[in-house]
Amino acid sequence: MKFSRQRPEEVSVNLTPLIDVVFLLLIFFMVSTTFTKETQLEIDLPGANGNVQEKPVEHIEIQISAEGVYHLNGKPIADSSETGLRVALESVDEPAGETPLVIAADANTPHQAVVTAMDVAGQLGYTRLSITTQDPGK
């Protein structure tokens, strides 16, 4: 007896459904993705440009150290509080409305110390207030 042998079918993987699923996923992700543009605020800070005065103007200078300690015209104030600064400014002989007041603060000075000095000066009647800056070229 002679049996006929069946030829084995070639084994193959049909890729058509796989490609369909990949395209569907691609379309789904493209449609569901939102594109956001991050916004940023650009700030250009001003530099300190000015002319050097030839004749020094008589002024009162408050220096504030990095620790928040006040100095009035180079002399330390015993009480580095709002009250101590007020008493020291009141003891100055120059009139408050006419004499310029300069505040020089360290870069690491607490912001509150500078605001306190400006507030006390304003309450005492100092109208010519300036803050020292550093020349950006140096």
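**Contacts of helix H3 and the nonpolar core**

Apart from its neighbours within four places in sequence, Val114 is in contact (heavy atoms within 4.5 Å) with Ile64, Ala105 and Thr109. The model is a predicted one, in which local features need pLDDT of at least 70, side-chain atom pairs count only at pLDDT 80 or more, and totals for chains, interfaces and linings use all residues. Residues are numbered from 1 along each chain as its sequence is written, and side-chain values use heavy atoms, with hydrogens and water left out.

Val114 lies in helix H3, residues 111-123; helices (H or I, at least four residues) and strands (E, at least two) are DSSP runs numbered from the N terminus. Val114 counts as buried because its relative accessibility is 15%, buried being under 20% relative accessible area, exposed over 50% and partly exposed in between, with a 1.4 Å probe and protein chains only. The C-alpha atoms of Val114 and Ile103 are 7.8 Å apart, at a separation of 11 residues in sequence.

Thr116 is also placed in helix H3. With a relative accessible area of 14%, Thr116 is buried. Beyond its neighbours within four places in sequence, Thr116 is in contact with Tyr70 and Glu82.

The largest nonpolar core (buried Ala, Val, Leu, Ile, Met, Phe, Trp, Tyr and Cys residues joined through side-chain atoms within 4.5 Å) has 18 residues, and Ile62, Ile64, Tyr70, Leu72, Leu85 and Leu89 have the most contacts inside it. At least two residues of this core come from each of strand E1 (60-64), strand E2 (70-72), helix H2 (82-90), strand E4 (101-105) and H3. The most is given by H3, with five residues. Outside its neighbours within four places in sequence, Ile62 is in contact with residues including Tyr70, Leu72, Leu85, Leu89 and Ile103.
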